[in-house]
Amino acid sequence: MRSAAGPIVTAVLGDATGRIVVGLLVAAAVAVPVLNLMVPAGSPLHVPPYVVALIGKYLTFALLALSVDLIWGFAGILSLGHGAFFALGGYAMGMHLMRQIGTRGVYGNAELPDFMVFLNWKELPWYWYGFDAFPFAALMVVLVPGVLALVFGWFAFRSRVTGVYLSIITQAMTFALMLAFFRNDMGFGGNNGLTDFKDILGFNLQAGGTRAVLFAASALAVAGAYALCRVIVASRLGRVLLAVRDAEGRVRFLGYRVEYYKLFVFVVSAMLAGIAGALYVPQVGIINPGEFAPANSIEIIIWVAVGGRGSLHGAILGAILVNFAKTYLTGAIPEIWLFALGGLFVAVTLFLPKGIVGTVPAFKFGGAGGGWRWRRLVPARGRSEERP
Amino acid sequence: MSELHASPQKRDTILYLDGVSVSFDGFKALNNLSFYVLAGELRAVIGPNGAGKTTMMDVVTGKTRPDEGQVVFNGGVDLTALDEARIANLGIGRKFQKPTVFDTQSVFDNLELALAGSRGVFQSLGFRLTPEQRLRIDEMLETVGLTERRAALAGDLSHGQKQWLEIGMLLMQDPHLLLVDEPAAGMTDAETEETAQLLKRIAGDRSVVVVEHDMEFVRALDARVTVLHEGSVLAEGSLATVQNDARVVEVYLGR
Ligand SMILES: Nc1ncnc2c1ncn2[C@@H]1O[C@H](COP(=O)(O)OP(=O)(O)OP(=O)(O)O)[C@@H](O)[C@H]1O
Ligand SMILES: [Mg+2]
């Protein structure tokens, strides 16, 4: 009551789920870098650099999954094109990292990235201006996905495109972007994308310290995004969205402009996906048009479905577990990984319609102590989309 | 039309449908329908299945755009040009034939979502109930007899309770005009009687249009009755009058 902070803290940390999720992420942000940098390599407690890189990558996927759960789980918007927002955020960061290479490229050209020199370009295209500056690039990381989502959502939601039709046009959007980014004359490195990054904010991208900081930033970004999503879904706005998910027509007759509500979460979600992409690129060292592939966007849905749609922490868990399995299986049985992924999705749909967090008691935390607010946020029944 | 009712007085007419036609694939669901509702009036609309009762409500609330005709609200606004949200905010509330509540949210939250007030996205982000608003919801829970079920999920209510919840949501909107489509379906006799009494209490301050098949319910409403048939008004008057109307008798019994 005294200030705005009270309700926000309650929305995020008011139940066991919130405290556990935020606690674990903050602990990881501190512990993993410490165990990586301060504990000697021989010690059993040492976290080797490749593990830092791997989990750091999973965390960016967790952030991406959160962005999808926010719209799919809480507003019924099944986007099959969210990989596009992730990739755009990634490209914005990649462009900055390209500009940071300076004269250290193969051609030693301070004005142009290598691929432009190779294509015989004489000057930097206008849309690369400003990316030298980190603050500008950071702004673009959220602005470009946000504006695309705003424009796309404006037309789609105003025309009341919903359900499977919306899913199809989001898929078409990411596919179109993929084709565009594959073209050399677009000026984003074509097929090869952007790579050979050297440093970020003056710190060597290969250095253990830089990677540890990127890891910590990713973990904290997931915690921050989780908190933001919690605040949104716990607010009246979140309840309107839930109502839209369950009975969109009814919400209109109550006088709500459904399209604006959808637009709001869609844009927020696209921005979160952009941030995920921006954290992903420096950790994996490359961004190419493959990130726009429609299959990538479908994979995100699988992470969320496996973890448990409409719970937020389920999305984080699903992204990490599925990607861990993917890393393991692509190494152990590379031929059948895709079948395993498909099978996983079918199995989850059939046997765990509420995902891991809705089924496995150990993950149903929040039920015991003061969790009423949270339980209310978790949909009681799964099939809400068929209804008008 | 003029023999059916005196010309509407602009001042105290809240709703005026003028020559409204709606067709679906050539089939005329509403056929040059004209009728009006006075401010504060309770009106019952009856008619056989497919007469166009629900379609009439769809037209008034912006769900369906008429091919022809005007729908004038509050002496001036033409509703046919507006969308659902705008019409709702002008003060027209609607209860659907099939009760439609938000199943995955609590009874309390359903009422809270319907609460009259700001509908803006950003306001809703920081929205907190004032003690007065909370009190209003509590009173409404009492009115619709759902105080005990306030924390229950709306999806877990019985059919009759959902009807009451939806009526409660309608009232939370504080509308000038309520369109209530078959409120008594799925209710026991006692509940039906209570619903009729509730709607009678509501009218007066507001106008209420009730569509219902249940003749006992219509009798209990004790209101002016409009009979729709094949998309237009067949008869209008007290229940006794229309029940003795030869054309009405034929429509209801002659098939
Ligand atoms: N969206 C639609 N598309 C095609 N036909 C429709 C549509 N909506 C209504 N109709 C038809 O219009 C006619 C009038 O329907 P309406 O629902 O208004 O009747 P009603 O008087 O409410 O009937 P009931 O008492 O059964 O609820 C019916 O024949 C119906 O089949
Ligand atoms: Mg009907």
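**A magnesium site and an open sheet in chain B**

Visitor: Why is B:Thr54 called partly exposed?

Guide: Its relative accessible area is 27%. Buried means under 20% and exposed over 50%, with partly exposed in between (1.4 Å probe, protein chains only), so B:Thr54 counts as partly exposed. B:Gln97 gets that label too, at 37%. Bear in mind that this is a predicted model, where local features need pLDDT of at least 70 and side-chain atom pairs count only at pLDDT 80 or more. Residues are numbered from 1 along each chain, and side-chain values use heavy atoms, without hydrogens and water.

Visitor: What makes B:Thr54 and B:Gln97 donors of the magnesium ion (ligand 2)?

Guide: Donors are N, O and S atoms within 2.8 Å of the metal (3.2 Å for Na, K and Ca); water is not among the atoms, so sites may look incomplete. OG1 of B:Thr54 and OE1 of B:Gln97 lie 1.9 to 2.2 Å from the ion, so they qualify. B:Thr54 sits in helix α1 and B:Gln97 in the loop between β6 and α3, 43 residues apart.

Visitor: How do you know that β7 and β8 of chain B pair?

Guide: Two strands pair if DSSP finds at least two bridges between them. β7 (177–181) and β8 (207–211) have five, in the parallel sense, so they pass. In there, B:Val180 stands opposite B:Val210.

Visitor: What makes helix α1 of chain B a neighbour of the sheet?

Guide: Contact means heavy atoms within 4.5 Å. Helix α1 (53–60) packs on the sheet, touching β3, β6, β7, β8 and β9 of chain B.

Technical notes: Chains are lettered from A and ligands numbered from 1 in the order in which they are written. Helices (H or I, at least four residues) and strands (E, at least two) are DSSP runs, numbered from the N terminus. Axes are lines fitted to C-alpha atoms, for helices over the stretch in contact, and angles run from 0 to 180 degrees between N-to-C directions.
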